[in-house]
Amino acid sequence: MGLISRPWPEEGQSLDCYLRGLARNNGFQSVDLMVSCQLQEEVKLKDVSGVHLLHMTGHVMTAERGVQLLKDDTYDENLYRYYYLLLPEYHLRSKEHYCPQCMGENPVMLAKWNIAWLPMCLKHNCALEAVEKEDVHLLKHGGVPKNIRLKAAANDELYIDSACQAQAMLEVALERQSALKGADQHTVLKVIDDTLCRCLGLDDIVQLKGRKKLYPMRYFPLNYRDTLRMLECIQSQDLVV
């Protein structure tokens, strides 16, 4: 039986957020149950692709609009489409992240918050927060995570401001890169990987993948100095195209 309520996702909405809304609006107790019932197969949530969403909702997700960071099923490796960029799985966070102030204004999780090298909210000049276990129930029922973020120490404010400035320049470069509709997109990803290798003193990305539990993309430290360092290293590569 198809879904009765099938709203179009909001611009840039994350997959997890969109699926939670579909499950809630259609009376399913969990996202996993909804996905397995609709697809008639066991599919991990991180493996849901545009083809799967088309089957479930009838909506065609494109690079220009719809849910972002869907798995791209045209390649063997785990790649996730963010507009016209194909990001490897290890560039994404292991936990959902959010901006408390953005969620207070509009309770929609954005896909870009799950990209580890975009760790700041430029609208509110703050670091993104991780969704903790106690917040999952709230999200399931349409609520928002409790804003338990401690106020940044006075000596961290400078790092936060500088990190936001560095990320703003990076996002401008990414927008220009995306406008090329995929052309030379590997330039962006190579700069990100090279930056991490250099920061960790490794020779190549193969070594970086081999130490997954210490990989700063998947397990990004909530340390403003390290955040600023990474963003400044990326920015120094002159990503503007």
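## Exercises: burial, salt bridges and a pocket

Glu171 is buried, with a relative accessible area of 14%. Buried means under 20% relative accessible area, exposed means over 50%, and partly exposed lies in between (1.4 Å probe, protein chains only). The model is predicted: local features need pLDDT of at least 70, side-chain atom pairs count only at pLDDT 80 or more, and totals for chains, interfaces and linings use all residues. Residues are numbered from 1 along each chain as its sequence is written, and side-chain values use heavy atoms, with hydrogens and water left out.

**Exercise 1. Find the salt-bridge partner of Glu171 and place both residues in the chain.**

Solution.
- Step 1. Apply the rule: a side-chain nitrogen of Lys or Arg within 4 Å of a carboxyl oxygen of Asp or Glu.
- Step 2. The partner is Lys112, at 3.0 Å from N to O.
- Step 3. Lys112 sits in the loop between α4 (100-105) and β5 (120-121), and Glu171 in helix α6 (residues 157-179). The pair is 59 residues apart and links distant parts of the chain. Helices here are DSSP runs of H or I with at least four residues, strands are runs of E with at least two, and both are numbered from the N terminus.
- Step 4. Check the accessibility of Lys112: at 22%, this residue is partly exposed.

**Exercise 2. Describe the salt bridge of Lys95.**

Solution.
- Step 1. The side chain of Lys95 meets that of Glu132, N to O, at 3.0 Å.
- Step 2. Lys95 lies in the loop between β3 (85-88) and β4 (97-98). Glu132 lies in the loop between β7 (129-130) and α5. They are 37 residues apart.
- Step 3. Lys95 is partly exposed at 39%. Glu132 is partly exposed at 28%.

**Exercise 3. Which residues are linked with Lys46 in a network of salt bridges?**

Solution.
- Step 1. Start with the pair Lys46 and Asp47, whose closest N and O atoms are 3.5 Å apart.
- Step 2. Extend the network: Lys46 and Asp47 are linked with Lys71 and Glu89.
- Step 3. Lys46 has a relative accessible area of 37%, so this residue counts as partly exposed.
- Step 4. Set this against the total: the protein has eight salt bridges.

**Exercise 4. Is Thr57 buried or exposed, and what does this residue touch?**

Solution.
- Step 1. Locate Thr57 in helix α3 (residues 50-57).
- Step 2. The relative accessibility is 1%, so Thr57 counts as buried.
- Step 3. List the contacts (heavy atoms within 4.5 Å). Leaving out residues up to four places away in sequence, Thr57 touches Arg6, Tyr18 and Leu22.
- Step 4. Look back along the chain. A polar atom of the Thr57 side chain lies 2.7 Å from the backbone oxygen of Leu53.

**Exercise 5. Characterise the lining of the largest pocket.**

Solution.
- Step 1. Define a pocket: on a 1 Å grid over the protein atoms alone, an open set of points where a 1.4 Å probe fits, with protein on both sides within 12 Å along at least five of seven lines. Lining residues have an atom within 4 Å of a point.
- Step 2. The lining has 32 residues, and Asp16, Arg20, Leu45, Lys46 and Glu96 lie nearest the centre.
- Step 3. Three elements give two or more residues: α1 (15-25), α2 (31-39) and α5 (133-140). The largest share, five residues, comes from α1.
- Step 4. Sort by class: 12 nonpolar, seven polar and 13 charged. Charged means Asp, Glu, Lys and Arg; nonpolar means Ala, Val, Leu, Ile, Met, Phe, Trp, Tyr, Cys and Pro; the others, Gly among them, are polar.

Terms used
Polar contact = N/O pair within 3.5 Å; in protein donor to acceptor, adjacent residues only side chain to side chain.
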